[in-house]
Structures are given as C-alpha cells and as structure tokens.
Amino acid sequence: MVDIQEISAYLEQTLPALGINKKRELLRLLFEIIKRDGACAGRWLPAEKNMTFERAKSHLLRLRYPHSYASAPKNAFYLPKLEMDPAQRADLTPRPFYPKHIYIEASVQDSALTQRARQTFPQADFQVCSGKEKVGSARFSRRTETLLIHREKYDFLKPCPCSAGNAGCGYNLINLGFGCRFECEYCFLQQYQNLHAILLPANVQDFLDKIDGAHFNRGPFDRPRIGSGEFTDSLVFDELTQYSAQLVPFFRTRAHLQFEFKTKSTCIEGLLAQGGAENVVVGWSVNAPAFIEKVEHFTPSLAQRLQAAAQVVYAGYRVGFHFDPVVPFEGWKNAYAQAACQIADAVPAEKVAWVSVGLLRFSRELKKAVESRFPENTILDGEFLLEFDGKMRYPEVLRQEVYAYLVPLLQKLFPKAVVYVCMEKPHICPACFAG
Ligand code: SF4
C-alpha cells in the first residue's frame, strides 16, 4: 500500500510554499506513480533547490503519462483529490448469496418470486414495505445483505444509453434487476447504485407487454436486439427469479427479435430447462483468464463460462461473447488471442451470433470508488485520459492498436458473427461497426 502521509510529508518538506490545490495535484501524481512503479517520492521528485510547482507538475505528468504526455491536451489529465475511504473497502470473503433482510413491496407479496424468496431464504428477516424508502445497507459493499422484491412502474424498455458521440448499435434494454453479487473491480455500479441492495422486479409480464408494437433499431444485426444486463448480470439470480422461464418462451414466438442474456455466471439451469431458442443468445462477458482471476472477484473462470456456453449451444441457443473490458496489460496480445482460441475450441463458430470488443473506460467518478474499494487495484494504472464524452479512456492510438489486432482475429475465428466495438467513435475501428 502506498503511504500517502509519507508523500504528503515529503512535499511539505520539498515544496513548503505550495497552496492546497497545487499540493493536491502533486500528491495525486506521486501517489499514482508510486502505486504503479514502486519506490518512494524522493525517487520520482528529487529535492532541488529551485524546484517550482510548474516544473514539478510537468515532470510528474511526464512520468505518469509517458506515452500520452506530449500529445494529450493538458485538461485530459484528471487529478482529483485523493480521498480513499477504508470503510468502503470491498469484502472479498467468499460467501453464498443469502440476504439478511428481504423487503417485499405490498403489491407483489403474493407473487411467485416472493414465494420462492421465502422458501429459499427462510432465515431472512422479511418485511412488507410500501416502496424503496428506508431500504438498503449503509455501504455498497454490503448490498447483498438486502433484497427488495418490487413492482417496477416506469422503467420498462429503453434504448441502450450509448454515450454522446458514439455510433450506437441499436441495443435495447429491459432492466430486470438492479445490483449484482459479483465484485468486478471496474463495475460502474460501485459509483452508480445509490440504493445499496439487490432489487428484483416481480412483474416481468409488464416489461414484456411493452415489446409488441415497439419500434426497434436493428443496427448492423439481422434483427433488433433486446437484453437485460445493464444494471445486473442477466443470469446470476436466475435460480431465484426464474426470469428465463418467462423470457425464453416469450421470445421464441417472436422470431423477428432476438433476446440476449448477458452474463459472467454459469447459472444456466433455467435456460436448459426451457430447451433452447434460435433467437435467444446467451452473451458471456469474457477476458483473459489471469485478468478474471485477479479482477472479477467471485465470477466463474473462463473455462467454466465456456463449459456453460457449450451446454447452452447443445440445448439450442446461440451464444455471444463480449471482450469487455479489454485491458492492454503486458503480454495482452497473446493472452487475448489465447482466450479467443479457447472460445473457438469450445463452441461451434456458426453458433456465435456476435462478438464485441471494448477497452476499459469509466466515468471520472468511478475512479475514486475503485480506489477506495480496491486500493491494490492495477486497472487504474493505465494512462487514462478524460475523453470527448466525459469518460476516462486509454489514448486513442492505443485503442486503435488493440482493435486493429483483436477485431480481425475475431472476425477470422467467428466468420458468421457480427464483430463490433462498443462505445467508440465510428472512425476508431475501420474494420468493423462501432456501436
Ligand atoms: S458482473 Fe457486471 S454487474 Fe456484476 S459486478 Fe461484474 S461488472 Fe458489475
């Protein structure tokens, strides 16, 4: 762990006249350099007689952003105040999902989902409530202690909120659930979810009722795509929710549409029980095995995900794969090429409907959440710059290099699949569609 007090004391001693904001920026830069490269503050900012803030800052920026310092606009370097809150640290103790408190909205207290929750978690404290008020744990890290089964009233069907300036792939969302029991270090819910609980709607039919008659954009795909994995993993709670038992029969009779379960889980029993559907795609988020092991806590390994993928293909579903987030760590080319070959070995290429690629990107607010929850993370060590849409991204030249390598490789391995890049400017990958 980097000793922030030590860096602060060093700055006091080396540049004693610094104002608060200037000191904050140098502290942030030294912290990030030491976290990534080790050593101590004096190694990176040797004491010099005539050192000024400006010289110190440009020296440290050059060290922190060796590949992009010269070309990036100066306002692309995001240097927020260091505010690590140890109380927010993620709890990585393995444990089953077993909420302590289960709140049931009065209008769904007789639903099948409520009954299953009562059978599955008999030790939980059940309370009937009138809404989301007063529900949830104090901290995000304790969100799985609370489950709310509710009736969704407004947010049924919407286009994927691809950020401004990106092309958009026509994806459509039904948000069946909010919150997840996995602990991926990059997960945007850490900063986005303000109700620290798992929310599951009991009125799935109300979502499905919005689909017939709706107008959908199909993007570069043969049919419009609808998915459910924006604010949760589509299958991680399926044993409890049994949403698959409603979704698969519904979409099976609507061949002009395709539905995607987006997941990292191996919770496929519900899907297998439904017997397959050509227009239902199970889309696995995939990554290099070492990255999964280190960063996607509590999730199944790549081999386990692919075993599940082979089973759903055998049952009659098609599959998709999302290389997202790609992180260009040392040796990334081999690692991602091997993962792609592992997928090609596990499932027949003609059953792969689509493959997406997206490099790690995140809102600036997420940076602080990740620092507090995963202080030993390495995912923030990259050269992230504030980009056109307000997101932190790798420099464009690196993104182009990754896409130029991975996209043709994936197109070759999966010739029938639509290979596309996610949340990117249209020109970033001329070889494929940018969604
Ligand atoms: S699986 Fe998805 S929703 Fe769940 S923690 Fe990981 S990134 Fe977040």
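The expected span of a helix is 1.5 Å times one less than its number of residues. In this predicted model, helix H12 (residues 302-315) has 14 residues and extends 20 Å from its first C-alpha to its last, close to the 20 Å expected. The briefing below treats the nonpolar cores, the ligand shell, three helices, two buried residues and several backbone features.

**Nonpolar cores**

- The largest nonpolar core comprises 96 residues, of which Phe251, Trp284, Phe321 and Phe323 touch the most other members.
- Apart from this core lies another, of 28 residues, which includes Leu11, Phe31, Tyr69 and Phe77.
- Beyond its neighbours within four places in sequence, Trp284 is in contact with Thr263, Lys264, Ser265, Ile268, Arg305, Ala308, Ala309, Val312, Val319, Gly320, Phe321 and His322.

**Ligand shell**

- Around the ligand are Cys180, Phe182, Cys184, Tyr186, Cys187, Leu189 and Lys264.
- Classified by residue type, this shell holds six nonpolar residues, no polar residues and one charged residue.
- Lys264 of the shell is also among the contacts of Trp284.

**Helix H12**

- Leu302, Arg305, Leu306, Ala308, Ala309, Val312 and Val313 are the buried residues of H12.
- Viewed down the helix axis, these buried residues fall within an arc of 160 degrees, so they line one face of H12.
- The face turned away from the buried side carries Gln307 and Tyr314, both of which are exposed.
- The partners against which the buried residues of H12 pack are helix H10 (269-274), strand S10 (280-286), helix H11 (289-295), strand S11 (296-297), strand S12 (318-326) and helix H13 (332-346).
- Among the buried residues of H12 are Arg305, Ala308, Ala309 and Val312, and these four also appear in the contact list of Trp284.
- Gly316, which follows H12, has a positive phi, near 115 degrees.

**Helices H14 and H15**

- Helix H14 (residues 364-373) has seven of its 10 residues buried, so the helix is largely enclosed by the rest of the structure.
- The buried residues in H14 are Leu366, Lys367, Ala369, Val370, Glu371, Ser372 and Arg373.
- These residues pack against helix H2 (20-37), strand S6 (183-184), helix H6 (189-192) and strand S14 (361-363).
- Helix H15 (residues 396-413) has 18 residues, which should span 26 Å at 1.5 Å a residue; the end C-alpha atoms are 25 Å apart, in agreement with that figure.
- In H15, the buried residues are Arg399, Val402, Tyr403, Leu406, Val407 and Leu410.
- The elements covering the buried residues of H15 include S12, H13, strand S13 (352-359), strand S16 (391-393) and strand S17 (418-421).
- S12 and H13 thus have a part in two packing arrangements, as they also pack against the buried residues of H12.

**Two buried residues**

- Asp238 belongs to helix H8 (residues 238-241).
- Asp238 counts as buried because its relative accessible area is 2%, which is under the 20% limit.
- Outside its neighbours within four places in sequence, Asp238 contacts Tyr243, Ser244, Cys267 and Gly270.
- Asp238 and Lys153 stand 85 residues apart in sequence, and their C-alpha atoms are 21 Å apart in space.
- Val204 belongs to helix H7 (residues 204-208) and is buried, with a relative accessible area of 2%.
- Outside its neighbours within four places in sequence, Val204 contacts Leu176, Tyr243 and Gln246.
- Tyr243 is thus a contact of both Asp238 and Val204.
- Val204 and Glu293 are separated by 89 residues in sequence and by 34 Å in space, C-alpha to C-alpha.

**Backbone features**

- Most residues other than glycine have a negative phi, and most peptide bonds are trans.
- The peptide bond joining Asp324 and Pro325 is cis, with omega about 5 degrees, and Pro325 is placed in strand S12.
- Ala39 has a positive phi, near 65 degrees, and lies in the loop between H2 and helix H3 (41-44).
- The relative accessible area of Ala39 is 51%, and Ala39 is therefore exposed, the cut-off being over 50%.
- Gln242 has a positive phi, near 55 degrees, and lies in the loop between H8 and helix H9 (243-252).
- With 36% relative accessibility, Gln242 counts as partly exposed.

Key: Residues numbered from 1 in each chain as written. Predicted model: local features only at pLDDT ≥ 70, side-chain atom pairs only at ≥ 80, totals over all residues. Heavy atoms only, no water. Core = buried A, V, L, I, M, F, W, Y, C linked by side-chain atoms within 4.5 Å. Buried < 20%, exposed > 50% of the residue type's maximum accessible area, 1.4 Å probe, protein only. Contact = heavy atoms within 4.5 Å. Near = heavy atom within 4 Å. Nonpolar A, V, L, I, M, F, W, Y, C, P; charged D, E, K, R; others polar. Helix = DSSP H or I, 4+ residues; strand = E, 2+ residues; numbered from the N terminus. Arc of directions from axis to C-beta.
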